[in-house]
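Me: I'd like to go through this model and check the labels people put on things. Can you take my questions one by one and show the reasoning?

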Amino acid sequence: MSHITFPEKTILICDGSKCGKHKELRKFFKESIKEHGLKDKIEIVKIECTDRCKHAPIVCFQPQNQWLSEVSIWQADTLFKKFILEK
């Protein structure tokens with residue numbers, strides 16, 4: 001059996017038609033992960049539409065299971081620090 005590694009934390013980002021337009025969020029999180037040297041520990045996963053289009057974009061932080069709606073690029077840094085960098 002081969003050895004597989006899994007991330008310590010995951011950022012789920014809805015990629016439905018409305019949420020998917022907010023590519024700047026995924027780009028920000030991707031750059032922040034790289035900047036903090038966390039490529040082996042944090043993973044971004046695009047998920048199918050969550051049917052919450054009126055509240056786009058939808059982002060979820062795991063393992064906290066913290067779902068957030070209408071996430072703006074201005075909130076992204078604070079959310080990254082809170083859910084990814086804090087222990």
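Me: What makes the largest nonpolar core a core, and which residues have the most contacts inside it?
Reply: Keep in mind that this is a predicted model. The label calls for buried nonpolar residues joined through side-chain atoms within 4.5 Å, and the largest such set here has 15 residues. Those with the most contacts inside it are Ile11, Phe29, Val59, Phe61, Phe80 and Ile84.

Me: Which elements give two or more residues to this core?
Reply: Strand S1 (9-14), helix H1 (23-35), strand S3 (59-62) and helix H2 (73-85) do. H2 gives the most, with five residues.

Me: What is Ile84 in contact with, leaving aside neighbours within four places in sequence?
Reply: Ile84 is in contact with Lys9, Ile11, Leu38, Ile42, Phe61 and Leu79. Contact asks for heavy atoms within 4.5 Å, and those six residues pass that test with Ile84. Apart from this core lies another one, of seven residues, including Ile47, Ala56, Ile58 and Cys60.

Me: Why is Thr10 called buried?
Reply: Its relative accessible area is 16%, and buried means under 20%. The value is below the cut-off, so Thr10 counts as buried. Thr10 is found in strand S1. Leaving aside neighbours within four places in sequence, Thr10 is in contact with Glu43, Val45, Cys60, Phe61 and Gln62.

Me: And Thr5, why is that one called exposed?
Reply: Exposed means over 50%, and Thr5 has a relative accessible area of 60%, so the label exposed fits Thr5. Thr5 has its place in the segment before S1. The C-alpha atoms of Thr5 and Lys54 are separated by 36 Å, with the two positions 49 residues apart along the chain.

Me: How many salt bridges does a search of the whole structure find?
Reply: The search finds two.

Me: How do you know that Lys41 and Glu8 meet in a salt bridge?
Reply: Their side chains are 3.6 Å apart, N to O, and the cut-off is 4 Å. The distance is within it, so the pair counts as a salt bridge. As a rule, side chains of opposite charge can pair when their charged atoms come close. The pair links distant parts of the chain, 33 residues apart: Lys41 is in the loop between H1 and strand S2 (42-47), while Glu8 is in the segment before S1.

Me: Why does Lys41 count as partly exposed?
Reply: Lys41 has 38% relative accessibility. Buried needs under 20% and exposed needs over 50%, so Lys41 falls in between and counts as partly exposed.

Me: What makes Asp77 and Lys81 a salt bridge?
Reply: Their side chains meet at 2.9 Å, N to O, which is within the 4 Å limit, so this pair qualifies. Both residues lie in helix H2, four residues apart, about one turn of the helix.

Me: Are Asp77 and Lys81 buried, exposed or partly exposed, and how do you know?
Reply: Asp77 has 33% relative accessibility and Lys81 has 44%. Those values sit between the 20% and 50% cut-offs, so Asp77 and Lys81 are partly exposed. The C-alpha atoms of Asp77 and Phe28 are separated by 8.2 Å, although the two residues are 49 apart along the chain.

Me: What makes the largest cavity a cavity, and how many of 30 Å³ or more are there?
Reply: A cavity is space where a 1.4 Å probe fits but cannot get out, and the search finds one of 30 Å³ or more. The largest cavity has a volume of about 50 Å³. Its lining is Ile13, Cys14, Asp15, Cys19, Gly20, His22, Lys23, Arg26 and Lys46. S1 and H1 each supply at least two of these lining residues. By kind, the lining divides into three nonpolar, two polar and four charged residues.

Me: What is the volume of the largest pocket, and what lines it?
Reply: The volume is about 200 Å³. The lining residues are Arg26, Lys30, Ile33, Lys34, Lys39, Ile42, Glu43, Ile44, Val45 and Lys46. S2 gives the largest share of that lining, five residues. The lining divides into four nonpolar, no polar and six charged residues.

Technical notes
Residues are numbered from 1 along each chain as its sequence is written. This is a predicted model: local features need pLDDT of at least 70, side-chain atom pairs count only at pLDDT 80 or more; totals for chains, interfaces and linings use all residues. Side-chain values use heavy atoms; hydrogens and water are left out. Buried means under 20% relative accessible area, exposed over 50%, partly exposed in between (1.4 Å probe, protein chains only). On a 1 Å grid over the protein atoms alone, a cavity is a set of points where a 1.4 Å probe fits but cannot get out, and a pocket is an open set with protein on both sides within 12 Å along at least five of seven lines; lining residues have an atom within 4 Å of a point. Grid points are joined across faces, edges and corners, and a volume is the space filled by probe spheres set on the points. Ala, Val, Leu, Ile, Met, Phe, Trp, Tyr, Cys and Pro count as nonpolar, Asp, Glu, Lys and Arg as charged, and the others, Gly among them, as polar.
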